[in-house]
Amino acid sequence: MYNRISNAELKKKMLEETGLRKTVSFYKYFHIDDPVAYRNKLFVSFNAIKVFGRVYIAHEGINGQISVPESNFDAFKERLYQSAPELDGIRLNVAVDDDGKSFWALRMKVRPKIVADGIDDPNFDPGKTGTYLKAKDYNELAEKPGTIVIDMRNHYEYEVGHFENAIEIPSDTFRDQLPMAVDMFKDKKDENIIMYCTGGIRCEKASAYFLHNGFKNVFHVEGGIIEYTRKAKEQGLPVKFKGKNFVFDERLGERITEDVIAQCHICGKPCDTHTNCKNEGCHLLFIQCEDCARQLEGCCSETCKEEKNLPEDEQKARRAGRNNGIMVFSKSKDHPLRKHRDEWRIERKQEENI
Ligand SMILES: [Zn+2]
Ligand SMILES: [Zn+2]
């Protein structure tokens, strides 16, 4: 029931395929009694029709990002829909400009949660969610006086694009955001509250958590920003999301409107281009304009630029023992590299003044 062939071999096999593939994502919160048994059954069923990708299964539901041979697409839908009554007819998000070649094996994992939330209250049911809003309904409700719009994403996502008047929850993890959001709006339990995120999976859980905490009128954007903008554009509606939708692929963001709402983290001029620091030992995710990218050779600071230009051996020696987790430029935390950047900024200001 597990893949025993090497990754390289699997990738080669996938690339040799002649048929086209569709990339599809889906999720659903519903109770699964025995996630292991469900996983094993679904694995056999999907494997037989050459579905590749990642699927997570937990007591609270299912979340998948997969690719399906076009010729098997109907069979796939049937198999998914029939695997549990709750999944009958669930929305499948089919990626538009995608060649379907991003996966070459099927990985299905049982996890404690499909979205880590830090909630251990046994009475919390993530299946009892708020009301879905389609693009048109969103525009109408968001216009109403008193409606509160909450962005359930991270700061770096909010920074380059968000819905008009949306409020950010200033924390770095979804875990911390949930209790913080409840606390921030505890006096607004009777107001209309709309939540959104990139694809809907986080805000859907957040909407359930708000209801669980006594909020009465909780809504969330169906399919998140991705589906909202697609539908709004298709139907000729005003697009209330401004700027870029941050996505984790090489583009690091998809432009929705021409508005540039963020600033270069180095010089402060309008810019919404995310980049990763070119220093192998840093990789900080931050916003950098073209001028600053040229001067710092794509690095986040002079310190990183120097390190990047050291001989490879020396760079490796410096990196040893350093914590290289994913680093994100963040306002809520005092990032160690921010210091370098601030020092550099002051130095440059001084140079400019000469
Ligand atoms: Zn700049
Ligand atoms: Zn750096």
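The following dialogue concerns aromatic rings in a predicted model.

Biologist: On what basis should the model be read?

Modeller: This is a predicted model, in which local features need pLDDT of at least 70 and side-chain atom pairs count only at pLDDT 80 or more, while totals for chains, interfaces and linings use all residues. Side-chain values use heavy atoms, without hydrogens and water, residues are numbered from 1 along each chain as its sequence is written, and chains are lettered from A and ligands numbered from 1 in the order in which they are written.

Biologist: How many aromatic pairs does a search of the whole structure find?

Modeller: Rings of Phe, Tyr and Trp (its six-membered ring) pair if their centres lie within 6.5 Å; planes under 30 degrees apart count as stacked, over 60 as edge-to-face and the rest as tilted. The search finds 12 aromatic pairs. Among them, Tyr27 and Tyr29 are edge-to-face, at 6.1 Å centre to centre and 65° between the planes.

Biologist: Is Tyr29 buried or exposed?

Modeller: Buried means under 20% relative accessible area, exposed over 50%, and partly exposed in between (1.4 Å probe, protein chains only). Tyr29 is buried, at 4%, and Tyr27 is buried, at 12%.

Biologist: Which cluster do ring pairs form?

Modeller: Ring pairs link Tyr138, Phe163, Tyr196, Tyr228 and Phe241 into a cluster. Phe163 is buried, with a relative accessible area of 0%, and Phe241 is likewise buried, at 0%.

Biologist: Where does the charged end of Lys22 sit?

Modeller: A charge sits over a ring if NZ of Lys or CZ of Arg is within 6 Å of the ring centre and within 35 degrees of the ring normal. The charged end of Lys22 sits over the ring of Phe73, 4.3 Å from its centre.
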